[in-house]
Amino acid sequence: MRKTLAKQWCAALLLVCALSPSAQAASQKLVPLGVPVGVRMTAAGVVVSAMTTVDSPAGEICPGQQAGLEAGDILQAANGETLSSSSQLAEIVKQSRGNPIRFTGLRGDTDISVSVQPVKSKTTGTYQIGILVRDSMAGIGTLTYVDPESGEFGALGHPVSDIDSGALMPLETGSIVSASVIGVVAGEAGTPGELVGTYEFSREIGQLNENTACGIFGTLTDSSLYSAAYAVDTAEKEEIYTGKAEILLCVSGKTPEYYEIVIEKVAMNAVDGRSLTIRVTDPELLEKTGGIVPGMSGSPILQDGKLVGAVTHVLVNNPARGYGIFIENMLDAAE
């Protein structure tokens with residue numbers, strides 16, 4: 001019978017993560033987790049998810065696009081009023097009476113300022129600007145590590161992004177809640193599959209502080225997730241090699257287990273969460289999930305008893321294979 005995480009916390013198989021580049025050479029150790037969680041976030045502003053058209057008297061037009069807005073833009077203020085929700089933006093447009101609205105915000109790391117002229121829809125009789133926006137999200141992911149001294153954690157290994165535009169959602173507030181995996185849609189060539197989870201929204205177990213290109217970071221408030229666990233060393237990227245390794249993840253309930261993989265490639269200079277190319281070799285995991293599926297993002301990767309990285313992406317055409325990020329990159333981002 002495969003041993004569960006609770007029975008297999010030993011120095012040879014556990015992970016340690018330092019909290020900063022300078023701390024990696026010190027003796028501080030972190031605990032690998034592999035625990036499923038629900039992630040909730042509200043954005044600092046609203047994200048333009050997509051452009052749409054308005055049936056104006058002049059024909060089908062998109063005022064937002066005509067003014068220069070693009071999918072992925074972050075709108076932070078309208079006529080000087082700080083934006084905090086999509087409903088607030090809808091009300092501002094509704095009350096505009098067709099007068100131009102000056103938006104300020106971000107496009108990537110660049111400040112933008114755009115004046116949009118609302119037009120009246122022939123169908124609804126209301127003013128519209130032809131953009132679809134999102135101000136929050138929720139989903140399932142996996143905790144990668146925690147510092148047992150401070151409770152600071154890292155998860156996902158990639159950013160929380162708008163599902164339509166792909167834009168990184170700027171974090172206003174966020175939390176993680178207890179979750180359980182209740183089912184698996186196995187991945188097949190061309191179909192990535194997924195972990196199906198249920199959340200306990202009334203049970204917050206941590207707060208989010210950062211949403212970065214290398215993962216999400218914050219502080220756990222429920223120490224029971226790691227109080228009985230041991231910590232291990234992290235590996236610098238130069239230590240990682242092609243060959244056998246393990247991933248720690250949960251495919252049922254809340255208790256993670258170890259599964260065998262092979263690291264097929266180590267890309268030293270990758271900056272997009274594809275530092276490691278991995279292949280699942282564990283027969284049990286292949287039978288259960290087909291390999292890597294969405295929801296596994298953040299699952300710790302171990303080699304020679306050290307934490308080397310976290311799972312980030314699946315290869316859609318070959319779900320037995322996927323990508324991972326160096327733990328070193330996650331720790332740098334946590335700073």
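# Close-up views of a predicted model

**Figure 1. Strand 18, which spans residues 276–280, is mostly covered, with four of its five residues buried.** The model shown here and in the other views is predicted. On one side of the pairing, strand 17 (residues 257–266) joins strand 18 in the antiparallel sense through five bridges. Within this pairing, Lys-265 has Thr-277 of strand 18 as its bridge partner. Strand 18 also pairs in the antiparallel sense with strand 21 (residues 321–326), here over four bridges. In that second pairing, Arg-279 stands opposite Arg-321 of strand 21.

**Figure 2. Six strands form a closed barrel in the order 16-17-18-21-20-19.** The pairing around the barrel is antiparallel. From one strand to the next, the twist averages 45°. Strand 20 and strand 21, which run antiparallel, are joined by five bridges. One of the residues in this pairing is Gly-309, whose bridge partner in strand 21 is Phe-326. Strand 21 thus appears in two of the pairings described in these legends, with strand 18 and with strand 20.

**Figure 3. Helix 4 (residues 327–334) lies across strand 20 and strand 21.** The helix runs at about 45° to strand 21. Helix 4 is mostly covered, since seven of its eight residues are buried. These buried residues are Ile-327, Glu-328, Asn-329, Met-330, Leu-331, Ala-333 and Ala-334. They pack against strand 20 and strand 21, and also against strand 11, strand 12 (152–155), strand 14 (194–212) and strand 15 (215–220).

**Figure 4. Ser-275 occupies the loop between strand 17 and strand 18.** Ser-275 counts as buried because its relative accessibility is 1%, where the limit for a buried residue is under 20%. Beyond residues up to four places away in sequence, Ser-275 touches Lys-265, Val-266, Ala-267 and Ala-270, together with Gly-324, Ile-325, Phe-326 and Asn-329. Several of these names recur in other views: Lys-265 is the bridge partner of Thr-277, Phe-326 is the bridge partner of Gly-309, and Asn-329 is among the buried residues of helix 4. Ser-275 and Tyr-323 are separated by 48 residues in sequence, while their C-alpha atoms are 7.0 Å apart in space.

**Figure 5. The largest pocket holds about 660 Å³ of space.** Its lining consists of 28 residues, of which Ile-140, His-158, Pro-159, Ser-161 and Ser-297 are the closest to the centre. By residue class, the lining divides into 15 nonpolar, nine polar and four charged residues. Strand 11 (131–146) and strand 20 (306–314) each supply at least two residues of this lining. Strand 11 gives the most, with six residues.

**Figure 6. Gly-141 is a buried residue of strand 11.** Its relative accessible area is 1%, and therefore Gly-141 counts as buried. Leaving aside neighbours within four places in sequence, Gly-141 is in contact with Val-35, Pro-36, Val-37, Leu-156, Gly-295 and Ser-297. One of these contacts, Ser-297, is also among the residues closest to the centre of the largest pocket. The C-alpha atom of Gly-141 is separated by 9.2 Å from that of Ala-179, which lies 38 residues apart from Gly-141 along the chain.

**Figure 7. Leu-156 and Asn-79 are loop residues with positive phi values.** Leu-156 lies in the loop between strand 12 and strand 13 (171–185). Although Leu-156 is not a glycine, its phi is positive, at about 70°. With a relative accessibility of 6%, Leu-156 counts as buried, and it is one of the residues in contact with Gly-141. Asn-79 lies in the loop between strand 5 (74–78) and strand 6 (81–82). The phi of Asn-79 is near 50°, again a positive value in a residue other than glycine.

**Figure 8. Ser-49 is located in strand 2 (residues 36–51).** Ser-49 counts as buried because its relative accessibility is 7%. Not counting residues up to four places away in sequence, Ser-49 touches Ala-71, Leu-132, Val-133, Arg-134, Asp-162, Asp-164 and Ser-165.

Note on methods. Residues numbered from 1 in each chain as written. Predicted model: local features only at pLDDT ≥ 70, side-chain atom pairs only at ≥ 80, totals over all residues. Heavy atoms only, no water. 1 Å grid on protein atoms, 1.4 Å probe; cavity = no way out; pocket = protein on both sides within 12 Å on 5 of 7 lines; lining within 4 Å. Points joined across faces, edges and corners; volume = space filled by probe spheres on them. Nonpolar A, V, L, I, M, F, W, Y, C, P; charged D, E, K, R; others polar. Buried < 20%, exposed > 50% of the residue type's maximum accessible area, 1.4 Å probe, protein only. Pairing = 2+ DSSP bridges. Axes fitted to C-alpha atoms, helices over the stretch in contact; angles between N-to-C directions. Contact = heavy atoms within 4.5 Å.
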